[in-house]
Amino acid sequence: MRVFFSFYLLSFFACLASCFSLSSYAQTRVENIPLNHYFAETWDTRDGLPHNSINALTQTEDGYIWVGTWEGVARFNGRAFTLFTRGTQTGLPDSGIRSLSVEPRSQAMYVAGSRGGVSVVQHGQWQSLSPARNMVNYAFRASDGVLWLALEDDGVIRRDAEQEQHLLSSLSTYHIIEQDARIWIATSHGLYAYEEGELISPDNLPNALTGMIYKLALDSNNNLLVGCEQGLWRLQNGRFELLDSALKNEPISALLLDYRGDIWFGTINNGVFRYSEFGIEKLDANVGLPSNRILSLLEDNEHSIWIGTNAGLFRLRQAPFTTLSQSRGLSGNYVRTLLSHTDGNLYIGTSNGLNLYQGNTAQPLGMSDGSTISVLSLTSSRRGGIYVGTYTNGLLYFEDGVITPLHNRSNGLPSNEVRAIYEQEDGSLWIGTAAGLVHQRADGQRTILTDKQGLPGNFIMAIAQDSVGRIWVGTGVGVAYIDSETDTIVDMALSDYFDAEYAFGFLVERESLWMATDRGLVHVDLKTLSMSKLSKEQGLPVDKIFAVVGDEFDHFWLTSNRGVIRVARDAVLASLSDTTQVIEFSMFDQGDGMLSSQANGGSQYPALRHHDNTIWVATARGAVMVDPKRLTRMADTPLPVSIESIQFDSQLQPYALDKAVSVPADVNRVSFAYAGLGFVMTERIEYQTRLQGYEKQWVDRGNLAITEYTNLSPGHYQFEVRARYPYGPWQQNGAQISFIVAPKVWQTIPFKVALFTVIGLLIVLIYRLRFYHLKRSEARLKQRVAEQTKVLAEQAEAFAHQATHDQLTGIANRRAFDAWLTEHFVAAKAKGQALSLLIIDIDHFKKINDQFSHLVGDKVIIEVVNVIAKNLPPEALFSRWGGEEFAILLPHVKETHAVHWAQGICTQVHHHDYTHIDERLSVSISIGVADINSATNYDRLLSNADTALYQAKNKGRNRIVGFSSDCS
């Protein structure tokens, strides 16, 4: 009678407590996501696990994940597994591990398994306990200090400070849990309880659970959960009830209650289930689990779910990015464009059609005739619908669930490939196609603009309107804007300033315009129209940027073919004002939840900020979403750090964190390896170190998890390390260890005193000898100084001459000529003066080398130079351009006069006598001429002269061609 009364009394108070806690639980419940939004990763023996059967999982207070297998227990720091097996270090009689559990008060970890082995791990130290007679399936330290051991085929052992009690010796026991003052025991013959020194059999419990009981847990209301052969049961209101009738035939092998109160349970052969606000969700081998046999479950400090199977370790984490792909309802994986529509919904354009994303579900929106469209661009209409730009169907219109044709090549578009669309407030529509820009005014009047009207190119990829009304147009060969008042097109000449051609997209702000280009991020000041660029030179990992989006935390998100880059606006502005300043950034790729790092560009819009402040990116394998708030929460996660090893001259050393390490005098290098114990973004963990006694400030180590110091002076030091996720706070309580460097013999005080005495005596002796020889050496020293000064001056003059002159001919080299050209071009442009350039090539010079030898070739070059030099005007600047090519710069000379000079030079060279070199030798030259009127910069002047030379060769050589007269 006492058993029943206590049981119902306990149930009554549990029910009462649950009633008071339900409302508060609902208020504090953290936002949840569907199971298919998690990012999955797998580890097995190829990654360092000792065995693929993951029998047990736990996380210790220091942050390590521990994995129990049949071949030992492995400690995981996010990058590598450290193995512990049977032996003197662990005190375990066998490597087979069945149980890992952490005692809440002391945070000691109990490791148990084969041959009855039980060890305790605390502060990195192992201590073995007396083994049991059989394999330990579970070890558990209760709140009263009693150690409970669940044994295979041998019941359960209860150990306290005074005695060991053996219970249920004929049964196998699998799991033990404490609920208030009661101990629950899962056995092969049902659920037992232990209370006030008495064992309560299943027959003495109401609607008792019999048969195989594998796992026990407590839900968020402290109700008992029981996993058995016949499903998952909950003790509520004094009775055991099935959690869900659909689970009646599921053998439950693992149980977990996560921080939200959701219930996770693993099965023997049917994978993992989650019971949450989304109902019952399932995860099995068909969607990525290594195996459907689940052996263990764990939720870590960052709320990732670890699943132990008999084929490896599996983890589900809320990665920074979530990918919406074809497997989740999209009409296709290749996403080109996204639209945050005015109705609050997100629309996604793929190569296989248009999609509506609403309520975590993607819904394809097909054509009425069932045909497939390849969507390139989207924009909202003032009428409430959506303009849809396609690859082959022109411009369509979507409204009220219907997609209808609007404009195509048959009714006025220059191309059916529509990559950009923009509608102005007055109803004017701008349509960017692969063959030009279409401007359709509100009254229906249509204008087609191409490169003939002033656009830099016809392949239109982006359109935007700035705060003063200018329409900006991004093309495949540059960017231009259309002045709203004059309708004139102004080419911004990207290639001249930044060597950029493709303008993939715009971000318009009140006073700024940001452009994503193939040479980085370009900033335009809308007041002055001045431009500046952020690219690889300032530290960006890529040059080709497809889109730029701003978030609520004042960061820019840049998309590329290698992933998505996040950078703070302040850092961007600082690098733009000081181009020597290297920018800090975070780059996210497939390790962060993206199925593909290829973020697509070339149409509008490849990335955007949605109404709910999430960032969406179009990729080659789905639409990727990141919530900056979630990323900020992840960055703010407390991140413990552990010092994992110390090395003296590459030799590992034993150490204890609470004791100073002694460094012998003969050690030259001390190295520390450490790990930030965060598992959400392990590869992005950043470190700072400081060596007290040597450094006053923290030193940034980036992602480097090792630091070393060489040739430290004798003394007492303390090495400190701390960690963080990118943009997160540095954890104040990092790891530290003290060490003492012993002095070498010559660093001791007696040695220094003796050394100083000897040195003092030597100084006195040397001083006297030096004074004696000083006078004799003074005159000789002055003479040597004078001689050396003369030699150095001669050498400097020779070096200066060699740097700017050709060694073979003695005339100026290309380096000198480049300086001449830059100087004279700028001056001539500024003053409006004439300037001509001649590029000369010796005809068939390779034949001369092949037929007569390279020695004869060198003589020919020298002879030609001499002939040209005799026929040049005084102001001409003559240089060897390279090989058999020469360049002549003629200041104040127009192209027509330059051609005249060139004809004289060409004639003199051709008729010159070369028989003293070889009687068979005949030499001629070809000359290309260009002047400053044909070029906007000196590179273009060079290119024009080179083009003219090429024409001279094509026309038979031994002739002169002027760029303006003969190449236009």
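**Exercises on strand and helix packing**

Strand E60 (residues 669-676) is mostly covered, with six of its eight residues buried. The model behind these exercises is predicted.

**Exercise 1.** Determine which strands pair with E60, and in which sense.

Solution. Step 1: take strand E57 (residues 641-648), which is joined to E60 by seven bridges and runs antiparallel to E60. In this pairing, Ala 675 of E60 has Ser 642 opposite. Step 2: take strand E63 (residues 706-710), joined to E60 by five bridges, again antiparallel. Here Phe 672 faces Thr 707 in E63, the two standing opposite each other. Step 3: put the pairings together. E60 pairs with E57 and with E63, and six of the eight residues in E60 are buried.

**Exercise 2.** Describe the sheet that contains E22, E23, E24 and E25, and find its edge strands.

Solution. Step 1: establish the order. The four strands form an open sheet, E22-E23-E24-E25, with antiparallel pairing. Step 2: look for strands that pair on one side only; these are strand E22 (252-257) and strand E25 (279-283), the edge strands. Step 3: state the twist. On average, neighbouring strands of this sheet are turned by 20 degrees against each other, direction ignored. Step 4: examine one pairing in detail. Strand E24 (residues 272-276) pairs with E25 over five bridges in the antiparallel sense. Arg 274 stands opposite Glu 281 in E25.

**Exercise 3.** Classify the packing of helices H7 and H8 and characterise their contact.

Solution. Step 1: two packed helices are described by the angle between their axes and the distance between the axes. Step 2: supply both values. Helix H7 (residues 845-852) packs against helix H8 (residues 854-870) at an angle of about 135 degrees, and their axes are 6 Å apart. Step 3: classify the angle. Angles over 145 degrees count as roughly antiparallel and 65 to 115 as roughly perpendicular; H7 is therefore oblique to H8. Step 4: list the residues in contact. H7 contributes Phe 845, Ile 848, Asn 849 and Phe 852, while H8 contributes His 854, Val 856, Gly 857, Val 860 and Ile 861. Step 5: sort them by class. The contact has six nonpolar residues, three polar ones and no charged ones.

**Exercise 4.** State how many disulfides the structure holds, and whether Cys 228 and Cys 906 are buried or exposed.

Solution. Step 1: the disulfide count is zero. Step 2: apply the cut-off for buried, which is under 20% relative accessible area. Cys 228 has a relative accessible area of 1%, so Cys 228 is buried. Cys 906, at 4% relative accessibility, also counts as buried.

Key: Residues numbered from 1 in each chain as written. Predicted model: local features only at pLDDT ≥ 70, side-chain atom pairs only at ≥ 80, totals over all residues. Heavy atoms only, no water. Axes fitted to C-alpha atoms, helices over the stretch in contact; angles between N-to-C directions. Parallel < 35°, antiparallel > 145°, perpendicular 65-115°, else oblique. Contact = heavy atoms within 4.5 Å. Nonpolar A, V, L, I, M, F, W, Y, C, P; charged D, E, K, R; others polar. Disulfide = S-S within 2.5 Å. Buried < 20%, exposed > 50% of the residue type's maximum accessible area, 1.4 Å probe, protein only. Pairing = 2+ DSSP bridges.
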